[in-house]
Amino acid sequence: MEFDIEPVCVYSVTAPDNFDGSESFGMLFFADIKCFESELHSEIEKIAMMDGLPERLTYPNIQPHLMEKAKKQGYL
């Protein structure tokens with residue numbers, strides 16, 4: 001795989017049902033992927049190219065906000 005990757009921002013999430021309501025932190029990165037490997041590895045079922053977000057997100061209350069942040073900073 002060939003790619004360039006850049007940090008976008010640090011983010012935090014507070015949810016009463018996660019980590020006893022404590023604030024948790026993550027890092028958002030933007031990757032410009034030049035090419036993929038010929039076969040899939042680990043937990044990846046498939047690679048899909050889309051114009052928008054998929055219908056079923058792992059974290060639907062968080063991921064749209066992260067995408068909006070990347071868009072505001074000119075990554076999308």
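Is I62 buried, partly exposed or exposed? Let's keep that in mind while we look around, and please remember that what you see here is a predicted model.

Hi everyone, thanks for coming. I'll begin with the overall picture and then stop at two residues.

The protein chain has one helix and two strands. Starting at the N terminus, you meet them in the order β-β-α. Laid along its principal axes, the set of C-alpha atoms fills a box of roughly 40 × 30 × 20 Å. The radius of gyration is 15 Å, whereas a compact globule of 76 residues would come out near 11 Å.

What share of the residues is buried? The answer is 12% of the 76 residues in the protein chain. As for the surface, the accessible area comes to about 6800 Å², and carbon and sulfur atoms account for 50% of that.

Now a word on charge, since some of you will be thinking about buffers. The protein chain carries 6 positive and 14 negative charges. If you take the mean position of each set, the two points lie 8 Å apart.

And how do the contacts spread along the sequence? Take the pairs in contact that are at least 6 residues apart: 44% of them join residues at least 24 apart.

Right, on to our opening residue. I62 sits in the loop between β2 and α1, the helix that spans 63-72. And here is the answer I owe you: I62 is partly exposed, because its relative accessible area is 22% and the buried class ends under 20%. Setting aside neighbours within four places in sequence, I62 is in contact with Y11 and V13. Y11 is 51 residues away from I62 along the chain, yet their C-alpha atoms are 9.9 Å apart in space.

My second stop is A31. You'll find A31 in strand β2, which covers residues 23-35. Its relative accessibility is 36%, so A31 also counts as partly exposed, falling between the 20% and 50% limits. Which residues does A31 touch, once those up to four places away in sequence are left out? They are D4 and I5. For another distance to try on your screen, go from A31 to I47: that is 16 residues along the chain, and 15 Å between the C-alpha atoms.

So, to bring the two residues together: I62 in its loop touches Y11 and V13, while A31 in β2 touches D4 and I5. That's my tour, and I'm happy to go back to any part of it. Thanks for listening!

Definitions and conventions:
Residues are numbered from 1 along each chain as its sequence is written. This is a predicted model: local features need pLDDT of at least 70, side-chain atom pairs count only at pLDDT 80 or more; totals for chains, interfaces and linings use all residues. Side-chain values use heavy atoms; hydrogens and water are left out. Helices (H or I, at least four residues) and strands (E, at least two) are DSSP runs, numbered from the N terminus. Buried means under 20% relative accessible area, exposed over 50%, partly exposed in between (1.4 Å probe, protein chains only). Contact means heavy atoms within 4.5 Å. The radius of gyration is taken over C-alpha atoms; the globule rule is 2.2 Å times the number of residues to the power 0.38. Accessible areas come from the Shrake-Rupley method with a 1.4 Å probe; for residues, only the protein chains shown count as cover. Lys and Arg count as positive and Asp and Glu as negative; His and the chain ends are not counted. The place of a charge is taken as NZ of Lys, CZ of Arg, CG of Asp or CD of Glu.
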